[in-house]
Amino acid sequence: MSDSQTSLEFVYDPLRYEQGAPVAELGALRDRSAVIRVEEHRLAQWPGGRGFWLVLRHAECMQVLKDARLFSSHLGATQLRDPATPQDLAYVQQMMLNMDPPEHTRLRRLLANAFTSKAVAQLELKIGRHARDIVAGVIGDASEGECDFVKDIASDMPLLCLAEIFGLPQQDRYLMYDWANRVIGYQDPDYAVSNAFDPQRGSAMAREALTLRPRPDAGGRMPDPRSRGGMQDLYRYAHLLAEQKRGQPGTDVVSVLLAQVDKEDGIVSIEEFENMFWLFSVAGNETLRNGIPGGMIALLEHPDAWRAMQADPALAPGAVEEMLRWWTPVMNFRRTASRDTNLAGAMISAGDKVVVSFLSANYDERVFERPAKFDIRRSPNPHLSFGYGPHFCLGAQLAVAQMRALLLELTRRFATMEITAPPTYLRSNFQRGVKTLPIRWRVR
Ligand code: HEM
């Protein structure tokens with residue numbers, strides 16, 4: 001094993017990320033080359049693999065992301081780590097995230113049609129109300145206090161929004177919290193078994209679905225949450241929800257989605273919906289539970305930016321974009337080359353793994369002037385936190401609306417907010433996660 005390859009273990013070793021993301025180390029690699037080869041050694045937290053090409057510069061990342069035919073999301077799916085078995089690969093390939101055109105285009109169009117501008121406007125209105133309620137709930141009658149920003153402020157917002165999108169009973173939203181924890185728990189054991197939701201607190205649908213909640217085997221191991229067997233309760237819930245929406249449609253996005261009969265694209269089948277439900281429950285939840293506190297760390301470490309926001313709330317849109325660039329809640333996604341190609345001098349063979357580092361691209365000095373500076377007035381700010389090209393995040397507008405509403409409410413209600421103990425970070429080479437962020441606040 002060469003020394004240079006040992007020194008690259010930080011890229012994929014989940015343990016490394018508990019100490020914070022390796023922004024400086026990626027910068028040093030990016031200086032040398034746009035694309036590098038990384039072998040995947042077996043580590044305590046990593047089974048090892050066949051290695052990958054790591055794309056580090058902004059321009060090359062965009063080049064990969066926009067060319068879905070050459071750099072496929074389907075062939076090996078989109079995670080750095082290969083699915084454990086061919087069955088697991090086949091299972092994740094049913095999600096639109098892991099599809100290529102034309103299948104991907106069809107589902108994406110149907111889903112995009114369901115997010116009508118009226119539906120999004122209504123959601124945005126509700127997001128503002130949720131932000132006010134969450135912050136008011138933390139303050140109560142007090143003029144100062146302490147809390148965990150992740151648990152008490154950030155985690156409920158995405159759940160409230162997903163419950164609106166799906167039109168599901170609000171009390172069932174904590175189920176999505178458990179499910180997302182289970183999925184990320186495959187890297188961080190603190191989350192691995194999180195069946196905290198009490199079925200008695202849920203709707204009849206939740207109670208029925210939870211009869212299929214996975215249990216540990218005789219050796220205490222849970223089924224892999226990236227396989228269907230590990231998420232049977234989620235699939236049952238999604239199935240029941242889709243049947244209910246087909247029978248009695250509401251005005252929510254899912255009802256519109258399932259009612260669509262498009263001449264060109266046909267309809268969304270219940271099985272297709274089940275996979276979308278999985279994707280949204282995780283993609284629309286975990287990303288924000290990490291992105292909101294991550295962006296907040298940047299703001300609290302830069303009190304001048306906090307004060308500027310208080311003085312001029314019109315800075316909020318730019319501040320949110322910079323928080324997204326700075327934190328980069330999803331650090332990478334993977335593609336598989338469908339044929340031999342040369343990318344910035346790297347001779348990539350058909351079947352090779354190609355990993356796009358959003359975290360590196362978002363600090364590329366070729367695109368961002370003084371990237372290490374947190375600048376809420378940065379313009380333009382072409383960060384890649386939501387990806388690029390055909391798989392560009394479908395929830396980007398809603399994610400930005402949630403971050404903006406919370407930021408505005410926090411700077412409106414609190415005179416000061418300060419970090420009282422070091423945050424703890426998620427053990428994951430994929431999501432840049434914050435597990436706890438203890439803060440002290442004083443009202444304005
Ligand atoms: C700060 C929060 C978020 C971040 C950083 C984020 C990031 C991303 C990224 C990087 C991708 C591209 C994946 C690829 O290229 O393979 C993506 C796709 C996706 N995101 Fe998000 N996301 C966020 C919030 C959300 C929300 C709130 C939702 C839903 C309400 C959502 C739903 C999706 C879906 C469905 C896709 C797949 C799109 C496709 O395959 O065409 N995301 N997201």
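**View 1. His104 and its neighbours meet the ligand in this predicted model.** Here an N or O atom in the side chain of His104 is 2.7 Å from an oxygen atom of the ligand. The side chain of Arg108 also places an N or O atom 2.7 Å from a ligand oxygen, and so does the side chain of His391, at 2.7 Å. Helix 5 (103–114), helix 13 (270–283), helix 14 (286–300) and strand 5 (332–337) each give two or more residues to the shell around the ligand. Helix 13 provides the largest share, three residues. By type, the shell holds 17 nonpolar, seven polar and two charged residues.

**View 2. Cys393 holds the iron atom of the ligand through its SG atom.** At 2.3 Å, Cys393 (SG) is the only protein donor of this iron. To find Cys393 along the chain, look in the loop between helix 17 (358–361) and helix 18 (396–413).

**View 3. Phe115 and Phe280 form a stacked aromatic pair.** Their centres are 6.3 Å apart, with 15° between the planes. Phe115 lies in the loop between helix 5 and helix 6 (117–139) and Phe280 in helix 13, so the pair ties together parts 165 residues apart in sequence. Both residues are buried. They also belong to one aromatic cluster, whose members include Phe166, Trp179 and Tyr237.

**View 4. Trp326 and Phe374 meet edge-to-face.** This aromatic pair is 5.5 Å centre to centre, with 75° between the planes. Trp326 belongs to helix 16 (residues 316–327), while Phe374 sits in the loop between helix 17 and helix 18, 48 residues apart. Trp326 and Phe374 are both buried.

**View 5. Arg325 places its charged end over the rings of Tyr363 and Phe368.** The charged end is 5.2 Å from the ring centre of Tyr363 and 5.3 Å from that of Phe368.

Terms used: Residues numbered from 1 in each chain as written. Predicted model: local features only at pLDDT ≥ 70, side-chain atom pairs only at ≥ 80, totals over all residues. Heavy atoms only, no water. Polar contact = N/O pair within 3.5 Å; in protein donor to acceptor, adjacent residues only side chain to side chain. Helix = DSSP H or I, 4+ residues; strand = E, 2+ residues; numbered from the N terminus. Nonpolar A, V, L, I, M, F, W, Y, C, P; charged D, E, K, R; others polar. Donors = N, O, S within 2.8 Å, 3.2 Å for Na, K, Ca; no water. Phe/Tyr/Trp six-rings, centres within 6.5 Å; stacked < 30°, edge-to-face > 60°. Buried < 20%, exposed > 50% of the residue type's maximum accessible area, 1.4 Å probe, protein only. Lys NZ or Arg CZ within 6 Å of the ring centre and 35° of its normal.
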